[in-house]
Amino acid sequence: MAITTHFIEDSWRLQSHILRFVYVPAPHDKDTLCNALLNCLLEWNLERRISTITVDNCSTNNAMIKTLLDEKLCKRDLLLMGRMLHVRCAAHILNLIVQEGLKVIQDSINNVHDSVLYWIGSSGRIERLEEAARLLHISCNKKLKYDCPTRWNLTYLMLRTSLEYKDVFMKLSLNDLSYRCFPTEGQWSAAKEVCDTLKLFYHITEEFSRTQYPTSTQYFSKVCDIKLELEALVKSLNPLISSMASAILLKFKKYWDEVHILMGVTAIFDPR
């Protein structure tokens with residue numbers, strides 16, 4: 001478990017420090033996680049000085065915060081008796097809802113993933129990839145990126161970079177009989193359409209993930225931008241994009257139909 005504290009110092013600069021990075025033995029149930037978190041708060045004498053606790057949006061974390069609030073902490077010491085304590089990570093929720101939309105091109109993602117894995121699997125293949133790129137006058141400045149199944153933005157970057165190598169993959173497929181996962185033209189087309197559509201979501205994911213300045217003031221406006229974009233995309237004449245947007249919008253309503261009260265306050269107080 002990694003526990004990080006964020007606070008504004010006397011000179012009004014944002015500070016972020018890791019308080020504890022510790023192995024938590026199984027089972028990772030609500031009581032085990034709650035005790036690990038509480039021990040850290042007590043050790044640093046912070047149990048009466050917490051404004052909010054931000055965690056990934058999973059059922060165990062939800063139960064952990066409820067146990068912490070109902071049984072361990074004194075509600076009188078918390079903002080609005082603890083109503084503001086639990087904040088679900090916006091970047092994590094955005095990841096969950098976009099992952100749902102990416103399922104519409106899962107076959108494309110699988111083939112691109114396997115292609116990248118194949119051609120960066122050895123130094124010899126990397127040399128052949130770079131040689132084919134030079135012959136086609138394609139820049140190799142951007143290296144092929146490998147995705148991570150739990151982070152949609154890395155999948156996006158993998159697709160975006162691989163699209164630049166599309167002709168290279170095609171050339172290599174003509175000479176290498178072992179390379180059998182070359183995406184079809186339809187799969188490349190679907191990947192490009194989805195990447196073009198998800199640019200806004202990628203940029204917002206980056207904004208939500210910043211560490212050098214507070215991001216809470218951006219939350220409300222960015223969530224509104226996402227909802228407006230999804231409502232427009234649902235009406236797209238392209239059935240692929242419309243289907244993807246519908247899936248994302250359904251997840252959006254599950255997690256973001258109601259905005260955390262603190263996020264509304266920060267939007268109102270933002271002097272911009």
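A pocket here is an open set of grid points with protein on both sides within 12 Å along at least five of seven lines. With that idea in hand, the predicted model can be looked at piece by piece, starting with one such pocket.

The second largest pocket comes out at a volume of about 270 Å³. Its lining is made up of 15 residues, and the ones closest to its centre are His86, Arg88, Glu258, Val259 and His260. Several elements chip in with two or more residues each: strand 4 (86–88), helix 3 (90–102), helix 11 (239–256) and helix 12 (261–269). Of the contributors, strand 4 gives the most, supplying three residues to the lining.

Stepping back, the chain as a whole is built from twelve helices and four strands. Its C-alpha atoms fit into a box of roughly 70 × 45 × 40 Å when taken along the principal axes. The chain has 272 residues, and 39% of them count as buried. As for the outside, about 15,900 Å² is exposed, with carbon and sulfur atoms supplying 55% of that area.

Contacts tell a bit about how the chain comes together. Looking at contacts with a separation of 6 or more, 66% are between residues 24 or more positions apart. Charges can be checked in a similar spirit. The chain carries 33 positive and 31 negative charges, and the mean positions of the two sets are 1 Å apart.

Now for a close-up of two residues, Gln187 and Asn111. Gln187 is found in helix 8, which covers residues 185–197, while Asn111 has its place in helix 4, residues 106–119. Is Gln187 buried or exposed? Its relative accessibility is 16%, so Gln187 counts as buried, given that the cut-off for buried is under 20%.

The two residues also touch each other. With neighbours within four places in sequence left aside, Gln187 is in contact with Asp107, Ser108 and Asn111. Seen from the other side, and again not counting residues up to four places away in sequence, Asn111 touches Cys181, Phe182, Pro183 and Gln187. Helix 8, then, holds Gln187, and this residue meets Asn111 of helix 4.

A pairing of Asn111 with Thr217 gives another view of the chain. These two residues are 106 residues apart in sequence, and their C-alpha atoms lie 39 Å apart in space.

How values were computed:
Residues are numbered from 1 along each chain as its sequence is written. This is a predicted model: local features need pLDDT of at least 70, side-chain atom pairs count only at pLDDT 80 or more; totals for chains, interfaces and linings use all residues. Side-chain values use heavy atoms; hydrogens and water are left out. Buried means under 20% relative accessible area, exposed over 50%, partly exposed in between (1.4 Å probe, protein chains only). Contact means heavy atoms within 4.5 Å. Accessible areas come from the Shrake-Rupley method with a 1.4 Å probe; for residues, only the protein chains shown count as cover. Lys and Arg count as positive and Asp and Glu as negative; His and the chain ends are not counted. The place of a charge is taken as NZ of Lys, CZ of Arg, CG of Asp or CD of Glu. On a 1 Å grid over the protein atoms alone, a cavity is a set of points where a 1.4 Å probe fits but cannot get out, and a pocket is an open set with protein on both sides within 12 Å along at least five of seven lines; lining residues have an atom within 4 Å of a point. Grid points are joined across faces, edges and corners, and a volume is the space filled by probe spheres set on the points.
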